[in-house]
Amino acid sequence: MPVLILLLVLVWLTGGWWLLGYGAVLGWLYWLRLRGWLLGLAAVLLWLAVAGAVQRWPDNAFSRFVQWSPHALIWLLAVALIGVSAWLALRLLHRHSVALPHNGPGLVPAKQAAAEPSPEPADGSAPESGADPGPLSDAELDRYARHIVLRELGGPGQAALRRARVLVVGAGGLGAPVCLYLAAAGVGRITVADDDRVSLSNLQRQVIFRASDDGALKAEAARAAMLALNPHVAVTAMNRRITAEDAALVADHDLVIDGTDSFAARQAVNAACARAGVPLVAGAIAQWEGQVTVWDPGHGAPCMACIFPQAPAAGLAPACAEAGVVGPLPGVIGSMLALEAIKLIAGAGEPLRGRMLIFDGLYGENRVMKIARRADCPVCSGLAGSGHFRQG
């Protein structure tokens, strides 16, 4: 509204009331679906027609209504064309400035393959190793602009996110914000694994789902929500659990995020990641508290079995269905998981390798504990890292 008022004041001061009719004609052409350079050409030709009419018939009613001289009209047109040309040149330079390098710390290595990403598998398996998808489109530049201006991410970091392949295990309370934020961030290939179905009791905290999803497979419903948020990413839904025997599946990804809700499930995911040498971003929640860490023995950090070699005694770690969980807590911890994933992929900051963050939502406190590998760990001792990521 302030811009419209300013334009009306300028029109009144310059006596250019004819510009309202000029704008109305262009609006009519736009309504007729004239777009892009065709609309620009029509605007220039219409302006030249006005200038020509004023030059040809300087004393008629139309020229008196326009009030501007032919020379003023031509000069204004020239200034406008120079401005538009400069804007287009800056956009072109900006776009080419994001034809990004592939050799910074933490970047997912670019694949020497076809420029177009491989189609999503129809059988629900993991996506094939990704190809470099090439430069960002204009729509992607607009979408990821707040990432690109970050010094720690920038164009190279966004390119790494676009090339990355991430496996999200569990689409529940923790998986819901993870899936949404990874899709929003432009992580190129995301696999969501979950064998559960949506129920109404999930909706208090699993914000990726809607009431209309009641009874739907969580992986499928999560995939639909992610693609609705960002159609520039590829999402594969796997309607099954991840087991310790899935090391080959895990190895097809650069990073795994564990959002499961049982000790046995976490054990299995940890074992598969340790065997594959793939970093595992893990979180857990209960009632008002949550924890986040990065299990990555390939870079000197412990795996889950180093710190938790045995399952807790019965009753000491009840599931959320028994102990309860406050609704926003999974959103807080899930967002931290997504943040750690972005840091690892882009090589930004200091990931939580060898450290565990404990969040107490009831009292608003954070604690960070240092944790170390065990030389006699039955899961990760003697296993070499995959080298998917260099220390960021």
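## A tour from the central strands outward

Begin by selecting strand 1 (165–169) and strand 2 (residues 189–193), which pair in the parallel sense over five bridges. This is a predicted model, and what follows should be read with that in mind. Within this pair, show the side chains of valine 166 and isoleucine 190, since these two residues stand opposite each other, the isoleucine belonging to strand 2.

Keep strand 2 selected and look at its surroundings. Strand 2 is mostly covered, with five of its five residues buried. In a regular strand the side chains alternate between the two faces of the sheet. In strand 2, Arg189, Thr191 and Ala193 point one way, while Ile190 and Val192 point the other way, and all are buried.

Now widen the selection to the sheet. Eight strands form an open sheet with mixed pairing, and their order across it is 3-2-1-4-5-6-7-8. At the edges stand strand 3 (234–238) and strand 8 (365–370), and because each has a single partner strand, one side of each is left without a neighbour in the sheet. On average, neighbouring strands of this sheet are turned by 15° against each other, direction ignored.

Move next to strand 6 (residues 289–295) and strand 7 (residues 355–360), which pair in the antiparallel sense, again over five bridges. Here valine 292 is the residue to pick, for it stands opposite leucine 357 in strand 7.

Step back along the chain to glutamine 287, which is found in the loop between strand 5 and strand 6. Its backbone deserves a look, as this residue has a positive phi of about 55° although it is not a glycine. With a relative accessibility of 42%, glutamine 287 counts as partly exposed.

Two helices that lie across the sheet strands come next. Select helix 12 (residues 263–276), which lies across strand 1, strand 4 (255–258), strand 5 (280–286) and strand 6, and which runs at about 170° to strand 5. Then add helix 15 (residues 328–346), which lies across strand 1, strand 4, strand 5, strand 6 and strand 7, and likewise runs at about 170° to strand 5.

From helix 15, turn to leucine 153, which is found in the loop between helix 7 (145–148) and helix 8 (154–163). Leaving aside residues up to four places away in sequence, leucine 153 touches His147, Gln158, Ile342 and Ala346. The C-alpha atoms of leucine 153 and glycine 347 are separated by 8.2 Å, although the two residues are 194 residues apart along the chain. Is leucine 153 buried or exposed? Its relative accessibility is 12%, so it counts as buried, the cut-off for that class being under 20%.

For a surface view, select Trp37, Leu38, Leu41, Leu45, Leu48 and Ile74, which form a nonpolar patch with about 600 Å² of accessible area together. Helix 3 (residues 36–56) supplies the largest share of this patch, namely five residues. Leucine 48, whose place is in helix 3, has a relative accessibility of 37% and therefore counts as partly exposed.

Finally, display the whole protein chain, whose secondary structure comes to 15 helices and eight strands. Of its 392 residues, 44% count as buried. Among contacts between residues at least 6 apart in sequence, 68% join residues at least 24 apart. The chain exposes about 20,200 Å², of which carbon and sulfur atoms supply 63%.

Definitions and conventions: Residues are numbered from 1 along each chain as its sequence is written. This is a predicted model: local features need pLDDT of at least 70, side-chain atom pairs count only at pLDDT 80 or more; totals for chains, interfaces and linings use all residues. Side-chain values use heavy atoms; hydrogens and water are left out. Two strands pair if DSSP finds at least two bridges between them. Helices (H or I, at least four residues) and strands (E, at least two) are DSSP runs, numbered from the N terminus. Axes are lines fitted to C-alpha atoms, for helices over the stretch in contact, and angles run from 0 to 180 degrees between N-to-C directions. Contact means heavy atoms within 4.5 Å. Patches are made of residues with over 30% relative accessible area and no salt bridge: like charges are joined within 9 Å, nonpolar side chains (Val, Leu, Ile, Met, Phe, Trp, Tyr) within 5 Å. Accessible areas come from the Shrake-Rupley method with a 1.4 Å probe; for residues, only the protein chains shown count as cover. A salt bridge is a side-chain nitrogen of Lys or Arg within 4 Å of a carboxyl oxygen of Asp or Glu. Buried means under 20% relative accessible area, exposed over 50%, partly exposed in between (1.4 Å probe, protein chains only).
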